[in-house]
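The following note is offered to a colleague who meets this structure for the first time. Its points are best read with the sequence and the model side by side.

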Amino acid sequence: MFRTTTRSVQDQLDSEVCARPVGSSIKAKTKDFCTTTTPPTTTPLPSKDIACTDTSSLIFAGPVQIVCSVNKTIFSSINITFQMAGSADDIPIADIQENRQIMYLNDAQNNVNISFELKYLTITVQNASCSNDGTFNVVLNVEGEVKQPSSGRITILTKPNGTPILQLDPDQIQGLATIRNDRLHSCNASVGKEAGELIVEILFKGADKFQTLIPEYMDTPKDTTTNCMITRTLHFWVNFTAAMNNASIRCSVINSQFPTDPAIYSIPEQLFLIPYDFCNINYNGTHNYKHPTDCNRFVNCHGNVVYGKKCNTEQECFNPQIEVCDNCGNVDSCP
């Protein structure tokens, strides 16, 4: 399975004209065409002598092809190299002589096949893996003159996999309008490649469907790539309202590269909200108090400032008699 796209030479030529400085004689004749002024580009124009396609493929999905149209019938040689994504090194793949004999280099024939029929040069990767994510560069030599090269990009795609991991901070204060950057919630998930989306969702108490929840604050997602799989971590903060008490939060992953695949969901976590004025009402000079609804959590008051905290393990409950977490069997007020 692969998808092929061909670059538009006309689009790039149009961009070159519109990028000329204001007052340029050519641009002056095309002022109605050029609607905005853009800075001059250093991107070279496509080669007139050879043009290659780009393609994408799901990893290990079988053969992947790049097709180059060679517009010179007579040439001295054609040189083909490969540059892996993220690398600056050009790996020699093959040389094609003027008699069209193909000479493979560096054992490239083990996974790459090259054919040249009529004017079409076809580069086939037999079973594309992550190491084939990159660019094939094709250079034409005509009587000692090296022509403008062309390149074909192979983009290796991967599907999201695994269960997203949601971590809600216990600092769940109803009506808190100030973002606490040291108490953000997080979701970590494999989002595939090209990267999919990580979405926060909420199921209100009594509702039967999750709906998208847009956090009031989100850090820039942090992506790491390993073997063509992108793992994304999203930190976020929500201004909790009374309607969200006992609601459930989850995060989901979708990837537009695979529109028929279902979303992947984290295990939902329930919200246990603490009223913003809890410390105003309950503060008596001590610091830790029983949580209003959850035995595994407790409320910490710094004066009238309220914070939500959680015991280290599920086997621990907050013991109000000693004001610390204790074995749940020692806490009469918890089941």
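Where is the place of Glu 194? The first point takes up this matter.

1. The model under discussion is a predicted one. Within it, Glu 194 belongs to the loop between strand S15 (185-192) and strand S16 (197-203). The peptide bond that joins Lys 193 to Glu 194 is cis, with omega at about 0 degrees.

2. Two residues deserve attention for their backbone angles. Leu 118, a residue other than glycine, has a positive phi near 55 degrees. Leu 118 is placed in the loop between strand S8 (112-117) and strand S9 (120-125), and it counts as exposed because its relative accessibility is 72%, where the cut-off is over 50%. Asn 246 is not a glycine either, yet its phi is positive, at about 65 degrees. The loop that holds Asn 246 runs between strand S20 (229-237) and strand S21 (248-254). With 23% relative accessibility, Asn 246 counts as partly exposed.

3. The next point concerns successive hairpins. Strand S5 (residues 77-84) is paired with strand S6 (residues 91-97) through six bridges in the antiparallel sense, and Thr 81 stands opposite Pro 92 of S6. Six residues lie between S5 and S6 in their hairpin, and Gly 86 in the turn shows a positive phi of about 85 degrees. S6 also pairs with strand S7 (residues 102-104), again in the antiparallel sense, over three bridges. Asp 95 has Met 103 in S7 as its bridge partner. The hairpin of S6 and S7 has four residues between the strands, and there Arg 100 takes a positive phi near 70 degrees.

4. Arg 100 has a further role in the description, since its side chain is associated with a ring. Arg 100 lies over the face of Phe 116, at 4.0 Å from the ring centre. A second arrangement of this kind involves Arg 250, which lies over the face of Tyr 265 at 3.7 Å from the ring centre.

5. How many aromatic pairs does a search of the whole structure find? The search finds four. One of them is formed by Phe 82 and Phe 136, a tilted pair with 4.8 Å from centre to centre and 50 degrees between the planes. Phe 82 belongs to strand S5 and Phe 136 to strand S10 (residues 134-142), so the pair ties together parts that are 54 residues apart in sequence. Phe 82 is buried, with a relative accessible area of 6%, and Phe 136 likewise counts as buried, at 2% relative accessibility.

6. Phe 136 also appears in the surroundings of Ser 150. Ser 150 is found in strand S12 (residues 150-157). Is Ser 150 buried or exposed? Ser 150 is buried because its relative accessible area is 9%, whereas the cut-off is under 20%. Leaving out residues up to four places away in sequence, Ser 150 touches Ile 50, Ala 51, Cys 52, Phe 136, Asn 137 and Val 138. A polar atom of the Ser 150 side chain lies 3.1 Å from the backbone nitrogen of Cys 52.

7. Another serine, Ser 129, is placed in the loop between strand S9 (120-125) and S10. Ser 129 is buried, with a relative accessible area of 15%. Its side chain and that of Ser 131 are joined by a polar contact of 2.9 Å. Apart from neighbours within four places in sequence, Ser 129 is in contact with Ile 59, Phe 60 and Ile 156.

8. The final point concerns an open sheet of three strands in the order S25-S26-S27, with antiparallel pairing. Its edge strands, S25 (288-290) and S27 (305-310), each pair on one side only. On average, neighbouring strands of this sheet are turned by 35 degrees against each other, direction ignored. S25 is joined to strand S26 (residues 297-302) by three bridges, and Asn 288 has Asn 300 in S26 as its bridge partner.

9. His 287 is situated in the loop between helix H3 (278-282) and S25. His 287 is partly exposed, with a relative accessible area of 44%. Neighbours within four places in sequence aside, His 287 is in contact with Val 299, Asn 300 and Cys 301. The C-alpha atoms of His 287 and His 302 are separated by 6.5 Å, although these residues are 15 residues apart along the chain.

Definitions and conventions
Residues are numbered from 1 along each chain as its sequence is written. This is a predicted model: local features need pLDDT of at least 70, side-chain atom pairs count only at pLDDT 80 or more; totals for chains, interfaces and linings use all residues. Side-chain values use heavy atoms; hydrogens and water are left out. Two strands pair if DSSP finds at least two bridges between them. Helices (H or I, at least four residues) and strands (E, at least two) are DSSP runs, numbered from the N terminus. Axes are lines fitted to C-alpha atoms, for helices over the stretch in contact, and angles run from 0 to 180 degrees between N-to-C directions. Buried means under 20% relative accessible area, exposed over 50%, partly exposed in between (1.4 Å probe, protein chains only). A polar contact is a pair of N or O atoms within 3.5 Å; within protein, one must be able to donate a hydrogen and the other to accept it, and residues adjacent in sequence count only if both atoms are side-chain atoms. Contact means heavy atoms within 4.5 Å. Rings of Phe, Tyr and Trp (its six-membered ring) pair if their centres lie within 6.5 Å; planes under 30 degrees apart count as stacked, over 60 as edge-to-face and the rest as tilted. A charge sits over a ring if NZ of Lys or CZ of Arg is within 6 Å of the ring centre and within 35 degrees of the ring normal.
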